[in-house]
Structure formats: structure tokens, C-alpha cells
Amino acid sequence: MTDASSDYEQLLALHHAMQLRRSLREEGRRTAPVTARRPTGYPEREGDQALMVASLETIGSSADEVVRSFYAQLFLGRPYLRGLFPAGLRADGDRLFNALIGLAEALSDLPRLVEWLEQLGRDHRKYGIRPAHYDAVRQALVGALREHAAAGWRPEYEQAWLRAYDFAAAVMQSAEAASTDPPYWQGTIVAHHRPYLDIAVMKVRTDVAYRYRAGQYTTIEVPAVPRAWRPYSMATAPRPDGVLEFHVRAIDLGQVSTALVHDMGVGSTLRLGPPMGSAVIETTGERPLLVVAGGTGLAPCRAIVEQVLTTQPGRPVRLVFGARQTQELYNLPILAQLAERYPAFTLVPVATDDPDFPGPRGALPELVASTGPWHQHEVYLSGPPGLVHALDRVLSRLQVPPEQIHHDPVPD
Ligand SMILES: NC(=O)C1=CN([C@@H]2O[C@H](COP(=O)(O)OP(=O)(O)OC[C@H]3O[C@@H](n4cnc5c(N)ncnc54)[C@H](O)[C@@H]3O)[C@@H](O)[C@H]2O)C=CC1
């Protein structure tokens with residue numbers, strides 16, 4: 001870390017501590033939430049979307065170079081901004097740039113886009129983003145796109161990108177300003193065990209109450225890998241004692257997951273960003289539930305199952321939980337207890353690749369396709385991206401309406 005960036009980090013920590021103290025002092029006195037200016041609409045949206053998509057076509061396959069050029073322009077003359085990103089820029093770089101590109105697609109569903117941007121705005125507080133940073137990103141984004149589209153670039157493209165960016169930045173900044181939560185939560189691991197070689201189940205207590213909905217995720221930063229925030233879902237419905245549970249599998253080259261599984265334990269500290277995600281459960285609904293989880297994708301599914309069983313004990317819930325080997329079907333004792341206690345809950349564990357497993361085997365999408373019908377169900381999916389995409393295809397073939405299928409966005 002450079003001196004400039006560590007100074008910046010210290011200033012941020014001080015700033016956040018002051019904000020936290022202020023918000024705790026004001027907790028009892030506050031009568032109305034802070035109101036902030038939020039754009040009321042985006043009239044040019046459809047035309048802008050078409051222009052943005054057309055502009056991306058002029059860039060073609062040089063996406064990696066655009067990302068590189070974006071960062072070069074962002075840090076040029078502003079080296080202090082480098083301190084906001086982790087040492088290895090790659091994964092985060094792609095994420096930021098993909099989110100900007102994702103704007104073009106997301107414009108077709110304004111209410112959803114606004115909900116996502118508001119979450120993103122609240123989430124950005126953990127990075128210590130200031131208004132001036134939004135301007136820097138704005139210039140770098142358009143600069144990189146313009147440079148790579150070269151002769152194909154048109155002034156209308158630039159105007160469309162700028163309007164969309166300004167709309168997004170205004171929604172994010174107003175959500176950021178209206179938030180009374182801390183920018184991040186300090187957490188301490190209070191329980192940690194490894195039910196399988198590379199899987200850890202851990203419980204975390206936070207310094208300030210953490211409010212979330214079953215099905216949501218957060219981002220976690222560990223001291224060993226500063227500023228590399230990685231997403232993990234809360235694995236239980238919100239608990240009266242406020243303790244959070246996470247399920248983590250250490251993945252190759254995954255520094256954060258490896259630290260969480262192998263290097264950290266009871267007493268270790270970490271930081272959590274605000275809750276994110278809209279694949280939450282509505283406990284006012286009455287449809288039966290089909291929940292399909294692959295591996296540690298079980299986490300949000302278990303939270304959803306718990307939430308429904310405790311608030312709507314008669315609502316039918318079927319959880320299909322798949323892992324490659326029998327030993328990877330962690331958490332089964334807890335799930336089995338739920339099945340015993342709530343007759344409306346059916347648990348279907350599947351060891352997809354284990355010839356000795358006494359229950360169902362074979363690919364989860366085929367298993368889902370061969371049971372059912374599911375078109376009357378509310379369906380929740382979580383697991384490896386390939387699994388979620390395959391299940392999406394099966395469910396669409398089985399005529400389950402898309403609005404009844406819920407999962408977090410998954411990469412292609
Ligand atoms: N830890 C967490 O809080 C959360 C994790 N996730 C995601 O869940 C995934 C869990 O990964 P692992 O535990 O390593 O799971 P894994 O790779 O061991 O697979 C779990 C199950 O899904 C099946 N599967 C995997 N890819 C498939 C495909 N393309 N088609 C059909 N079936 C497929 C496997 O056969 C296995 O039965 C990760 O991608 C993670 O990002 C998602 C939400 C929350």
C-alpha cells in the first residue's frame with residue numbers, strides 16, 4: 001500500500017468513526033429520515049438505451065482493453081484513487097466496469113434499476129466514495145468508450161451515456177445521503193467450524209445491529225485482503241440475538257474465501273457491507289415454494305426456508321439441496337430437524353455424483369424437470385452459475401412464469 005493510500009484509509013476510518021458516533025448520538029432524537037434529492041424520472045430512457053447498446057457494438061470484442069483504458073484514465077492525475085481498490089484490480093475492475101455496462105441493459109426496467117442503484121449507493125459508502133469520485137468515473141467511462149469505438153463514435157452516444165450515468169449517480173448519491181446506517185459493520189467471528197474439507201460455517205456478531213431480509217447477501221472484507229469485498233448470503237432468517245451465519249467454500253485463487261475457511265476462527269474480525277439483493281421472500285404470498293440449492297448456495301435458501309416456516313408454518317416448502325458427494329451435504333442435521341418439526345417442509349438431499357448415496361442422484365435440473373409440475377410454485381434458486389442457468393431453462397420449458405422465479409443475478 002502506498003503512503004498516500006494508507007493516509008487516505010486512516011482519514012476514511014476517522015470520518016466513518018465520527019459518522020457512526022454522530023448517528024448513535026442522534027438515534028433517539030431523530031424524528032424523520034433525512035430527505036435527499038432523487039431524480040423523479042428519466043424521460044429519454046428508451047432512446048438512450050438504444051444508443052448505448054449501439055455504441056457497445058462499435059467496441060466489439062475489445063472489452064478487456066476498454067477496462068484497462070478506463071482504469072488508466074481514472075488514475076491518471078488522481079493516484080490517490082488507486083487506494084480505493086484492492087491490490088489485485090482484476091476482479092473488482094471487471095465488476096465496476098460490468099456494472100457500468102450493465103446500465104444499458106438495466107434501463108428497460110426502471111423500478112428495478114432504481115432499487116438496485118439505491119442498494120449500490122448505500123453499499124458504496126463502505127469504500128469512502130466522495131462526490132468528486134463520481135465525476136472522475138464519469139470522465140473515465142466516456143473517455144474509455146470513446147477511445148475504443150474510435151471512428152464509430154458519435155456525439156449522441158456520448159450524450160446518452162452521460163445522461164444514463166448522471167441518472168444512476170444521482171439515485172446512488174441520494175440513497176447514500178439518506179442512509180442512517182453505518183457505512184460498514186465491524187464483525188467478530190463467534191463460532192467457526194468446518195463440516196467438510198473446504199467448507200466453513202461461521203457465526204458473526206456485529207458491533208451495530210445488522211438489519212436484513214431472508215434471501216439477501218452482504219459483502220465481506222477480511223484484514224488479510226484489504227478492500228477486496230466478496231459477496232456471501234446470510235444463511236439464517238434474522239435472529240433475535242442479531243448473530244449472522246455464513247457458509248463459505250474456499251475456492252482456488254480466492255484469497256478472501258481461503259482466509260475465511262482456513263486462516264480465521266473465533267475472535268477474528270472482519271467488515272460487512274450493507275445488505276443487498278432482491279431475491280427475498282414475501283411472507284404474504286400463498287403459493288407453495290420450490291427451493292433449489294447447489295453446494296454453499298444453500299445459504300440464502302436456508303434463510304428463506306426458515307423465514308417461511310416460522311411465519312407461515314402451513315405453507316408447503318420443498319427444498320432440493322444438491323452437492324457432488326454425500327459428505328458435502330453439510331447442514332443436513334439442522335435441515336432434518338426443521339423437516340421433523342414442520343410437516344409442510346419436505347427436504348430432498350441429492351448427492352449428484354455419489355454412486356453410494358442411498359437417496360436421489362444425478363443432475364439437479366433433470367431431477368427438477370422429472371418431478372413437478374411447478375408452474376403454481378414460487379421458485380428460489382441458488383448455487384453455481386451453470387446450475388442456476390440450467391434450472392432457469394428447465395423452469396421456463398415447464399412454463400413457470402419468470403416473475404415466479406427468484407435468484408440473484410448470475411454471471412454468464
Ligand atoms: N456461500 C454463499 O453464501 C453463496 C454461494 N453461492 C454460490 O454457490 C456456489 C456454490 O459452489 P459449490 O459449493 O462449489 O458448488 P459445487 O460446484 O460443488 O456444485 C453444487 C451442486 O451443483 C451442481 N452443479 C454445479 N454446476 C452445475 C451445472 N452447470 N449444471 C448442473 N448442476 C451443476 C453440482 O453437481 C453439485 O451437485 C458458488 O458458485 C457460490 O458463488 C450463491 C449464493 C450464496
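**Helix packing and the ligand shell**

A: The axes of helix 5 (residues 110-124) and helix 7 come within 7 Å and cross at roughly 55°, with axes fitted to C-alpha atoms over the stretch in contact and angles running from 0 to 180 degrees between N-to-C directions. That makes helix 5 oblique to helix 7 (not under 35 degrees, over 145, or 65 to 115). Helices here are DSSP runs of H or I, at least four residues, and strands are E runs of at least two, numbered from the N terminus.

Q: Is this model predicted, and what are the cut-offs?

A: Predicted: local features need pLDDT of at least 70, side-chain atom pairs count only at 80 or more, and totals for chains, interfaces and linings use all residues. Residues are numbered from 1 along each chain as its sequence is written.

Q: OK, which helix 5 residues meet helix 7?

A: Val114, Leu117, Glu118, Leu120, Gly121, Arg122 and His124, with contact meaning C-beta atoms, placed from the backbone, within 7 Å.

Q: And how do helix 6 and helix 7 cross?

A: Their axes come within 11 Å and cross at roughly 155°. That makes helix 6 roughly antiparallel to helix 7.

Q: Switching to the ligand, which residues come nearest?

A: Of the 24 residues around the ligand, Gly294, Gly295, Gly297, Thr352 and Gly386; near means a C-beta atom, placed from the backbone, within 6 Å.

Q: Where does the shell lie?

A: Domain 2 (185-272) and domain 3 (289-406) both give residues to the shell around the ligand, so it lies between them. Those bounds come from an automatic or database domain assignment.

Definitions and conventions: Two residues are in contact if their C-beta atoms, placed from the backbone, lie within 7 Å.
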